[in-house]
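Visitor: I should like to learn how to read a protein model. May we go through one together, feature by feature?

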Amino acid sequence: SDTITVSEGGVPAGTALYDARRNVFRVARGQEWSRAYNALLVHEAVHAAFDLARSRLPWLDNETAAYIAQGYYLRNSGFHRSRLDELGQPYLGVLLVDSIVRDGSPDSTLMQELQGTLLSSPQYHSYIRGEFEGDG
C-alpha cells in the first residue's frame, strides 16, 4: 500500500515493532525522550524502509542492517557506551559503526559476531534463517 500506519500503544513499554504484513509501526507510549528508545525506532524504521522499497533479502541481513543503523544513532546521539550491554546486538552495532568510520568498511569479525548472536537468539529463531520480502 506504500503507506505506514503508526499506532501508539499495543506493545509493552520500552518496545517497538514494525509489522510488515500490516504495514503498522507500533510504538510504546511515553518513551519519546529516551535515546535508547529512539535508537530502537531507528532499528524498526530500517525494517519499514526495506518493506516500502519492496526489498527481498535474507532476514539475517535485514536485522544486521537494522542493528548497524541503531548503533549509528547511539554512537552519534551521545549515548554513553557504559549503558550498553557489551554482549548485546546494539553494542555490536556501535562497534561496527566505529569500524566503518575508522576503516571505511565493517570489521568482518564483528560482523560475524553480530550475525552469530542473531542466529542463536531465541528472539529471532522463528524467522532469522528465512527470506524477507517487502511488499510496500
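**A buried loop residue**

Guide: Let us begin with a single residue, Ile128, which is buried because its relative accessible area is 2%, under the 20% cut-off. Its place in the chain is the loop between H4 and E5. Please keep in mind that this is a predicted model.

Visitor: Which residues does Ile128 touch, not counting residues up to four places away in sequence?

Guide: Setting those neighbours aside, Ile128 touches Trp59, Leu60, Glu63, Leu118 and Leu119. A distance between C-alpha atoms can also place a residue relative to another: Ile128 and Ser99 are 29 residues apart along the chain, and their C-alpha atoms are separated by 24 Å.

Visitor: How should I read the confidence of the model?

Guide: Confidence is given residue by residue as pLDDT, on a scale from 0 to 100. In this protein chain the average is 93, and 99% of the residues score at least 70.

Visitor: Where is confidence lowest, and where is it highest?

Guide: It is lowest in strand E1, residues 5-8, with a mean of 92. It is highest in strand E4, residues 56-58, at 98.

Visitor: What is the general idea behind a nonpolar core?

Guide: In soluble globular proteins, nonpolar side chains tend to be buried together. Here the largest nonpolar core has 25 residues, and those with the most contacts inside it are Tyr37, Leu96, Leu114, Leu118 and Ile128. Two or more residues of this core come from each of E2, strand E3 (24-27), H1, H2, H3 and helix H4 (108-120). A second, separate core has six residues, among them Ala39, Leu74, Tyr91 and Val94.

Visitor: What does Tyr37 touch, not counting residues up to four places away in sequence?

Guide: With those residues left out, Tyr37 touches Gly14, Thr15, Ala16, Val27, Ala28 and Gln31.

Visitor: How can I recognise residues that are far apart in sequence but brought together in space?

Guide: One compares the separation along the chain with the distance in space. Gly71 and Gly93 are 22 residues apart in sequence, and their C-alpha atoms are 4.3 Å apart. Gly71 is found in helix H2. At 0% relative accessibility, Gly71 counts as buried. Beyond its neighbours up to four places away in sequence, Gly71 touches Pro90, Gly93, Val94 and Val97.

Visitor: May I see another pair of this kind?

Guide: Consider Ala48, which lies in helix H1. The C-alpha atoms of Ala48 and Gly136 are separated by 8.8 Å, while the two residues are 88 residues apart along the chain. Ala48 is in contact with Ile4 and Tyr18, once its neighbours within four places in sequence are left aside.

Visitor: Why does Ala48 count as buried?

Guide: Ala48 counts as buried because its relative accessible area is 4%, and the cut-off for burial is under 20%.

Visitor: Which residues does Ser99 contact, leaving aside its neighbours within four places in sequence?

Guide: Ser99 is in contact with Gly104, Ser105, Pro106 and Asp107, apart from those neighbours. Ser99 itself is found in helix H3, and at 0% relative accessibility Ser99 counts as buried.

Visitor: How does one read the backbone angle phi?

Guide: One looks at its sign and at the type of residue. Asn23 has a positive phi of about 55° although it is not a glycine. Asn23 is placed in the loop between E2 and E3. Arg54 also has a positive phi, near 55°, and is a residue other than glycine. Arg54 is found in the loop between H1 and E4.

Visitor: Are Asn23 and Arg54 buried or partly exposed?

Guide: Asn23 is buried, with a relative accessible area of 6%. Arg54 is partly exposed, with a relative accessible area of 47%.

Visitor: Finally, how is a pocket described?

Guide: One may give its volume and the residues that line it. The largest pocket holds about 830 Å³ of space. Its lining consists of 32 residues, of which Leu17, Glu44, His47, Glu63 and Tyr127 lie nearest its centre. By class, this lining has 16 nonpolar, eight polar and eight charged residues.

Visitor: Which element supplies the largest share of the lining of the largest pocket?

Guide: That share, eight residues, comes from H1. At least two lining residues are supplied by each of strand E2 (16-19), helix H1 (35-52), helix H2 (59-76), helix H3 (89-103) and strand E5 (131-133).

How values were computed:
Residues numbered from 1 in each chain as written. Predicted model: local features only at pLDDT ≥ 70, side-chain atom pairs only at ≥ 80, totals over all residues. Heavy atoms only, no water. pLDDT = per-residue confidence, 0-100. Helix = DSSP H or I, 4+ residues; strand = E, 2+ residues; numbered from the N terminus. 1 Å grid on protein atoms, 1.4 Å probe; cavity = no way out; pocket = protein on both sides within 12 Å on 5 of 7 lines; lining within 4 Å. Points joined across faces, edges and corners; volume = space filled by probe spheres on them. Nonpolar A, V, L, I, M, F, W, Y, C, P; charged D, E, K, R; others polar. Buried < 20%, exposed > 50% of the residue type's maximum accessible area, 1.4 Å probe, protein only. Contact = heavy atoms within 4.5 Å. Core = buried A, V, L, I, M, F, W, Y, C linked by side-chain atoms within 4.5 Å.
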